[in-house]
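The following exercises are to be worked through with the sequence and the coordinates at hand. Each task is followed by a solution in steps.

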Amino acid sequence: MKNFTYAIPTVIHFGKGQIEKLGAEIAQRSRKVLVVYGGGSVKRNGIYDAALAQLKAHGVEWAELSGVEPNPRIATVREGVRLCREQGLDGVLALGGGSVIDCSKGVAAGALYDGDPWDFPAGKAVPEKALPLFTVLTMAATGSEMDSIAVISNPETNEKEAFAGSCCYPAVSILDPTYTYSLPAAQTAAGTADIMSHTFENYFSPIETNYLADSLAEAILRSCVKYGPKAMETPDDYEARANLMWNASWAINGFLDMGKPVAWSVHRMEHELSAFYDVTHGVGLAILTPNWMRYVLSDKTEARFARYGAAVWGLDPALPAREAAEAAIRKTREFFSSLGLPATLAELGIGPEHFEEMARKARNSGFDKTFVPLSVEDIVSIYRMSL
């Protein structure tokens, strides 16, 4: 393992009814917050009313920003920044899933930054300070409730980029599994694929000596395989929803990649799909991941895939490494398909027209030090395999 420093400042209140802790936590840090949410599902399922009741009970004032997109757009971030500045807001409360939380991170950091908040995802600036961020999670997927990362889209330039800063960790996150009961099955499926992809990105690394982190990654993957289908079949299965929610947080809170280089290769490739075609993130990952696995499988990598097959899919450890690796990759594809997720880009109406441009934009220096280094041509080949 390489040297590392690890710290998570986020307070997690996990379990049914934990929203009762929200008001007091916010009141310790903020007096007037921006409440951020998406298309209105939080109003239909009662989360919005419960959150506002907490604000009222603890004397916290608020303004609102609604309509956050599934791939949150920089224009929405800019509007949130404007509201915070004009109304003197000193905190941000995100009610929703990863998209709402990512948008809120952009708002929280942008409100205390003199320039355009697009400077963060564009790589022109790193957030150094941010308003306190509070989250009430409604979907197990991105892990944004317990990390410092946000992903923002700019439709005008066909860009979808991430930024991170230590100031962007949520101060407090409420994780109530019952708040995910009303999720449509398709969103649960996409969320499960997203959690697994985060775990894969950390697990498949040039450094394979972090036994603790790798074992936890395998446990998260087994948990997704066990509980993803259960949550879809029985939406109010508390055990299934609770495990998926906690899996999501730990898949990307930084623990799994401590001491190893991680390039987020498949995520970079999928971000271009979302930037050009507004694809649901988990759907794009479910299509690309098995093809990336097939592409990077070789004599050098087959042992890692064989270990994955034995640990996650229960394959016989005595199988020849290449046979086990190929079986593990097949099972990955079959599992995503069993959740109802598409297997090809053609199913989404996507052709090869932009593959070369997407590959050029996706590739950065991280692709030189990932599990298997990839060139622009390699990325194009993976896109083509996904047709």
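## Exercise 1. The cysteines

Cys84 is buried, with a relative accessible area of 3%. The model is a predicted one.

Task: Determine how many disulfides the structure holds, and examine the surroundings of Cys84.

Solution.
1. Apply the criterion: two cysteine sulfur atoms must lie within 2.5 Å of each other to count as a disulfide.
2. Find the closest cysteine sulfur to that of Cys84: it belongs to Cys103 and is 10 Å away, which is too far for a bond.
3. State the total: the structure holds 0 disulfides.
4. Consider a further cysteine: Cys224 is buried, its relative accessible area being 0%.

## Exercise 2. The chain as a whole

Task: Establish whether the radius of gyration of the chain agrees or disagrees with that of a compact globule.

Solution.
1. Obtain the expected value: for 387 residues, a compact globule would have a radius of gyration near 21 Å.
2. Compare it with the model: the chain has 20 Å, which agrees.
3. Add the dimensions: the C-alpha trace spans about 65 × 45 × 40 Å along its principal axes.
4. Add the burial: 57% of the 387 residues are buried.
5. Turn to the contacts: of those between residues at least 6 apart in sequence, 78% join residues at least 24 apart.
6. Record the secondary structure: the chain contains 14 helices and 8 strands.

## Exercise 3. Strand β2 and its partners

Task: Identify which strands are joined to β2 by bridges, and describe how its side chains are placed.

Solution.
1. Begin with one partner: β2 (residues 32-36) is joined to β3 (residues 61-65) by 5 bridges, and the two run parallel. Within β3, Glu61 is the bridge partner of Lys32.
2. Continue with another partner: 4 bridges connect β2 to β4 (residues 91-96), again in parallel. Here Val33 has Gly91 as its bridge partner.
3. Sort the side chains: Lys32, Leu34 and Val36 point one way, whereas Val33 and Val35 point the other way.
4. Assess burial: 5 of the 5 residues of β2 are buried, so the strand is mostly covered.

## Exercise 4. The β6–β7 hairpin

Task: Describe the pairing of β6 with β7 and the turn that links them.

Solution.
1. Determine the direction: β6 (residues 149-154) and β7 (residues 159-164) run antiparallel and are joined by 6 bridges.
2. Locate a pair: Ala150 in β6 stands opposite Phe163 in β7.
3. Inspect the turn: the hairpin has 4 residues between its strands, and Asn158 in the turn has a positive phi of about 55°.

## Exercise 5. Helix α10

Task: Check the length of α10 and find where it is kinked.

Solution.
1. Calculate the expected span: at 1.5 Å a residue, the 16 residues of α10 (residues 281-296) should span 22 Å.
2. Compare: the end C-alpha atoms are 22 Å apart, which agrees.
3. Locate the kink: a bend of about 25° lies at Leu288, shortly before Pro290.
4. Judge the setting: α10 is largely enclosed by the rest of the structure, because 14 of its 16 residues are buried.

## Exercise 6. His354

Task: Place His354 in the chain and list its contacts beyond its neighbours within four places in sequence.

Solution.
1. Locate the residue: His354 lies in the loop between α12 (321-338) and α13 (355-362).
2. Classify its accessibility: with a relative accessible area of 31%, His354 is partly exposed.
3. Set sequence against space: His354 and Ser274 are 80 residues apart in sequence, and their C-alpha atoms are 12 Å apart.
4. List the contacts: beyond those neighbours, His354 is in contact with Phe276 and Tyr277.

Technical notes. Residues numbered from 1 in each chain as written. Predicted model: local features only at pLDDT ≥ 70, side-chain atom pairs only at ≥ 80, totals over all residues. Heavy atoms only, no water. Buried < 20%, exposed > 50% of the residue type's maximum accessible area, 1.4 Å probe, protein only. Pairing = 2+ DSSP bridges. Expected span 1.5 Å × (residues − 1). Bend = angle between axes of the 7 residues up to and from the residue. Rg over C-alpha atoms; globule rule 2.2 N^0.38 Å. Contact = heavy atoms within 4.5 Å.
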